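Let's explore the empty spaces of a protein together, one question at a time. Keep the picture in view as you read.

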Amino acid sequence: MKIIVITGGSRGIGASAALQCAARGFGVILTYKDNPDAAAATVRAVEAAGGQAVALRLDVGDAASFRAFREAVLQALQSVWGQTRLHGLVNNAGYGLYNLMESVTEEQFDGLMKVHLKGPFFLTQALLPLFAEGASIVNLTSATTRVATAGVAPYAAFKGGLEVLTRYMAKEFGARRIRVNAVSPGAIRTELGGGLTPEFETMLAAQTALGRVGEADDVGRVIATLISDDGGWINAQTIEVAGGYNV
Ligand SMILES: NC(=O)c1ccc[n+]([C@@H]2O[C@H](COP(=O)([O-])OP(=O)(O)OC[C@H]3O[C@@H](n4cnc5c(N)ncnc54)[C@H](OP(=O)(O)O)[C@@H]3O)[C@@H](O)[C@H]2O)c1
C-alpha cells in the first residue's frame, strides 16, 4: 500500500482529500492541530469506507517540531503498514484571516507566513528522506493569488510564494522522480476564516461561471488525482479549482 501525509486532514478540504485518496487505495497519515475529535472522525470515515488512516498532531507553524514529526511518521509507517517509505504529501493545513493592509499587525503577518509558506517549505524538507521514488507532493494555494481580494493580502502573497516554491520543488526533486503541483481553490464551503456568510456566498456564486461556490469534495478529488498515477505526467503546475472564478 502507498502511504501519504495530509496536513490539516481533520476538516474541510484536507478531510475530503483523505477520503478521496483512501478510496484510491492510499493509506493516509492525516494531521490535526486543535481538533483531535474531528481528526478521529475523519479516520473513522476512512475506515468505514474500507481504508486505513491514522491521525497525528502537528502545528505547521512550528518548524522546530518537524524533525520529531518525521520520527512519528516513520513510527506510524512501520507499526501500521510495516514499511518506511512515503508516497505523497499534501501541504494543506491553513487558516484565513481577514484584515485590511492598513491594520495588519506584524504578528498576524508572521503567523500567516509561518503556516502558509515557511511551514510547507521546512515540512517538505523534513520529510524528504522518507519519500519513495515517484512520490507526489500537492501544495494548496488559492485563487486569491490571481484575483486580488481586499482583506487577505498577506495570505494571498504567501500562497503566491508557495506557487513559486511548487515549481522550484518540482525542478529540484525531479531527479528523484518526485512530482510537485499546486491546487488553487476558489471559494470553497468550509470553516476557513469562519466560513461563508449567505451574502458573501451569493456574491461569489455570481462571479463564478458555474454559478455556485465549491464544495470540499470538488477540491479533494483533484488532489487525489494529482497524488495518484492518474496525474503521473502532471508536474510543476498550478491547477485552479474554482468553477471558473472571475473569468
Ligand atoms: N476554503 C476555501 O475557500 C479555500 C480557498 C482557497 C484555498 N484554501 C486553502 O485550502 C487549505 C484547506 O482549507 P480549508 O478550507 O479546508 O480550511 P478548514 O476547513 O478551516 O480546515 C483547516 C485545516 O487546517 C488545520 N490547521 C489550521 N491551522 C493549522 C496549523 N497551524 N498547523 C496545522 N494544522 C492547521 C486544521 O486543523 P484543526 O482543525 O485540527 O486545528 C484543519 O484541519 C488551506 O491551505 C486554505 O488556505 C481554502
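Q: How much space lies in the second largest cavity?
A: This is a predicted model, so every value here is computed from it. The search of the whole structure turned up two cavities of 30 Å³ or more. For the second largest cavity, the space comes to about 40 Å³.

Q: Which residues line the second largest cavity, and how many of them are charged?
A: The residues around this space are G186, A187, L204, T208, R212, V213, G214, A242 and Y245. Sorted by class, the lining has five nonpolar and three polar residues. Arginine is among the residue types that count as charged, and the number of charged residues in this lining is one.

Q: How much space lies in the largest cavity?
A: Look for N91, N92, A93, V115 and P120, which lie nearest its centre among 13 lining residues. The lining has seven nonpolar, five polar and one charged residues. The space in the largest cavity is about 60 Å³.

Q: Which element gives the largest share of the lining of the largest cavity?
A: Two helices, helix 4 and helix 5, each supply at least two residues of this lining. The largest share is five residues, and these come from helix 4.

Q: How much space lies in the largest pocket?
A: Now let's turn from the cavities to the largest pocket. A total of 48 residues line this pocket, and nearest its centre are Y95, G96, Y155, L192 and G193. The space in the largest pocket is about 1300 Å³.

Q: Which element gives the most residues to the lining of the largest pocket?
A: At least two lining residues come from each of helix 1 (12-23), strand 2 (27-32), helix 4 (106-127), helix 5 (153-173) and helix 6 (198-206). The one that gives the most supplies three residues, and that is helix 1.

Q: How many residues of each class are in the lining of the largest pocket?
A: Each lining residue is put into one of three classes: nonpolar, polar or charged. Glycine counts as polar here, which is handy to know for G96 and G193, two of the residues nearest the pocket's centre. The lining has 22 nonpolar, 20 polar and six charged residues.

Q: Where does the ligand sit?
A: Around the ligand there are 30 residues, and S10, R11, N35, Y155 and T190 come nearest. Y155 is also one of the residues nearest the centre of the largest pocket. The ligand sits in the largest pocket.

Q: Which residue has a side-chain N or O atom 2.5 Å from an oxygen atom of the ligand?
A: Backbone atoms come close to the ligand too: a backbone N or O atom of V60 is 2.8 Å from a ligand nitrogen atom, and a polar backbone atom of I188 is 2.8 Å from a ligand oxygen atom. The side-chain atom at 2.5 Å belongs to T190.

Q: What percentage of the ligand's exposed area does the protein bury?
A: Start with the ligand taken alone, which exposes 910 Å². With the protein in place, the part of that area that is buried is 94%.

Methods. Residues are numbered from 1 along each chain as its sequence is written. This is a predicted model: local features need pLDDT of at least 70, side-chain atom pairs count only at pLDDT 80 or more; totals for chains, interfaces and linings use all residues. Side-chain values use heavy atoms; hydrogens and water are left out. On a 1 Å grid over the protein atoms alone, a cavity is a set of points where a 1.4 Å probe fits but cannot get out, and a pocket is an open set with protein on both sides within 12 Å along at least five of seven lines; lining residues have an atom within 4 Å of a point. Grid points are joined across faces, edges and corners, and a volume is the space filled by probe spheres set on the points. Helices (H or I, at least four residues) and strands (E, at least two) are DSSP runs, numbered from the N terminus. A residue is near a molecule or strand if one of its heavy atoms lies within 4 Å of it. A polar contact is a pair of N or O atoms within 3.5 Å; within protein, one must be able to donate a hydrogen and the other to accept it, and residues adjacent in sequence count only if both atoms are side-chain atoms. Accessible areas come from the Shrake-Rupley method with a 1.4 Å probe; for residues, only the protein chains shown count as cover. A molecule sits in a cavity or pocket if more than half of its atoms lie within 2 Å of its grid points.
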